[in-house]
Amino acid sequence: MVVMKNLHTFYFRTYGCQMNELDTEIMVGALQSRGLTKIEDEDNADLIIFNTCSIRDLAERKVMGKLGQLGRGKKKAIIGVTGCMAMAKKETLFRKFPHLDFVIGTNNITDLNTVLDEVLHGGKQVLKIEDKYEENLDYLVAKREDKVKAMVSIIRGCDKFCTYCVVPYTRGGEVSRTPTSILEECQKLADQGYKEVTLLGQNVNSYGKDHPEWGCLFHDLIYKLGAISLLKRIRFMTSHPIDITIELMQAIRDVPSACNLVHFPIQSGSNRILKKMHRIYTKEEYLHKVDLLNKIIPNVSLGTDIIVGFPTETEAEFQETYDIFKQIRYSIAFIYAYSPRKGTPAMRWKDDIPEEVKEERLQKLLALYSQIGDEQRAAILGSTVEVLVERFNRDQKLLKGRTTCWKKVIFPGDESMIGTLQQVKLHSFNHQTLLGDVVTRG
Ligand code: SAH
Ligand code: SF4
Ligand code: F3S
């Protein structure tokens, strides 16, 4: 244990989903407000924090590896773990990593500075974990790196308890944030020049159900945010299929800034597997929603997450997933091999699908996804799309932005275009990136 009275610099490493990224932004803001400087060089930081993820085994192993490594050298920095692994492993982390100074749970990120003081003054390991989340986060302290688009949390936690998933245990039950606080933050962001917000939640479309007295469900929120004229785009993720309503589809259609990409994971195309996953919809009910989305929202794009190799998944059941993917032609997909998670109900079933079979199914779906993507990109060449310009591309020469349905577009232009909407005529594509030229209004 080092007792360091003077902290100057810190290094943050974030794993997992956008919710973790946003939590990092909030914690970075809190550390900066106490005068610390964020640096990218881990070796020279006085404080190192890992904001961790538990969703799959690999996510945890990465952090465990890093923590082990830090313990082998001479300890120079204060080291902390926050995020979902903190909730999943709690004080056992101290036993495994005696050089670890603090562990803070997902419901306690606002306690970071107090915990840090305790570590500095008390010189002992500090654990701060509460199971219940109180809606008390000061989102305005978030330190955002991006200047054009911002993530905004609207609901934390999850009540769905899919049998494979750790999130309900690592993030707790659903707690919606008040509409006033969301609207205030979005208005402020718009005033600061942000053009796009992504509304975040494990299940954004259960927004407001825990507070019927607010009279503000997810679609109501979309209408309210649509009235902020400086905000050009409203995105949201993720949506549980069961909670996608016709009212929501109509809101997406009617609010011009609402993006027409709906990410609502199917997970599997087999009814038997869906039931075992406790996804609470059937393939037919899901397809019915796909139909409605296509009917109600012009040019809607659909996104999904999929798990292959769930316990007992047969080849024929995997084929059903493959076929439904082909039928729906998702434009965005995150495809994963099942990873058993401690404490989840699915642990009672043997993880019986061999790794090579999981890998084979994963590769088959990835190949299909890539083929569909290429066909979709080829089909829009020659057309003009609206792009929100985010920044220069990695090569620093071309500008990079995205279409309303999240397709990445790069094109020549100058810095003054950053943060504006441009009409870009597409001429080619390279992997997932579309290339084009700005159509100048004449
Ligand atoms: N709340 C979102 C997803 C959150 S987790 C939703 O329900 O749609 C992101 C994705 O990780 C999930 O959609 C699922 O596809 C995947 N995932 C979750 N637990 C997993 C596990 N144990 N093994 C493999 N993939 C998993
Ligand atoms: Fe996990 Fe299911 Fe909740 Fe998504 S809806 S976070 S997959 S339990
Ligand atoms: Fe991972 Fe927690 Fe997000 S488990 S995916 S960081 S909610």
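## Overall build

Of the protein's 442 residues, 54% count as buried. The model is a predicted one. Its secondary structure comprises 13 helices and 19 strands.

The C-alpha trace spans about 60 × 55 × 50 Å along its principal axes. A compact globule of 442 residues would have a radius of gyration near 22 Å, so the 23 Å of this protein agrees with that. Sequence-distant contacts are frequent: among contacts between residues at least 6 apart in sequence, 72% join residues at least 24 apart.

## The barrel and its helix

Strands S15, S16, S17, S19 and S18 close into a barrel, in that order. The pairing in this barrel is mixed. On average, neighbouring strands of the sheet are turned by 55 degrees against each other, direction ignored.

One of the pairings joins S18 (residues 421-430) to S19 (residues 433-438). These two strands run in the antiparallel sense and share 6 bridges. Across this pair, Val 424 stands opposite Val 438 in S19. Helix H13, residues 355-380, packs on the sheet and touches both S18 and S19. The direction of H13 makes about 125 degrees with that of S18.

## Surroundings of ligand 2

The shell around ligand 2 draws on several parts of the sequence. From the stretch between 158 and 168 come Cys 158, Lys 160, Phe 161, Cys 162, Tyr 164, Cys 165, Val 167 and Pro 168. Gln 202, His 240 and Arg 279 also belong to the shell.

By class, 7 residues of this shell are nonpolar, 2 are polar and 2 are charged. Cysteines count as nonpolar in this tally.

## Surroundings of ligand 3

Ligand 3 is surrounded by Cys 17, Asn 20, Cys 53, Ser 54, Ile 55, Cys 84, Arg 171 and Gln 202. This shell divides into 4 nonpolar residues, 3 polar ones and 1 charged one. Gln 202 appears in the shell of ligand 2 and in that of ligand 3.

## A buried proline in a loop

Pro 311 sits in the loop between strand S13 (301-308) and helix H12 (315-328). Is this loop residue buried or exposed? Pro 311 counts as buried because its relative accessibility is 0%, and the cut-off for buried is under 20%.

Which residues does Pro 311 contact, leaving aside neighbours within four places in sequence? They are Ile 273, Lys 276, Tyr 338, Trp 349, Lys 350 and Asp 352. Another proline, Pro 340, is 29 residues away in sequence. In space, the C-alpha atoms of Pro 311 and Pro 340 are 9.2 Å apart.

Note on methods. Residues are numbered from 1 along each chain as its sequence is written. Chains are lettered from A and ligands numbered from 1 in the order in which they are written. This is a predicted model: local features need pLDDT of at least 70, side-chain atom pairs count only at pLDDT 80 or more; totals for chains, interfaces and linings use all residues. Side-chain values use heavy atoms; hydrogens and water are left out. A residue is near a molecule or strand if one of its heavy atoms lies within 4 Å of it. Two strands pair if DSSP finds at least two bridges between them. Helices (H or I, at least four residues) and strands (E, at least two) are DSSP runs, numbered from the N terminus. Axes are lines fitted to C-alpha atoms, for helices over the stretch in contact, and angles run from 0 to 180 degrees between N-to-C directions. Contact means heavy atoms within 4.5 Å. Buried means under 20% relative accessible area, exposed over 50%, partly exposed in between (1.4 Å probe, protein chains only). The radius of gyration is taken over C-alpha atoms; the globule rule is 2.2 Å times the number of residues to the power 0.38.
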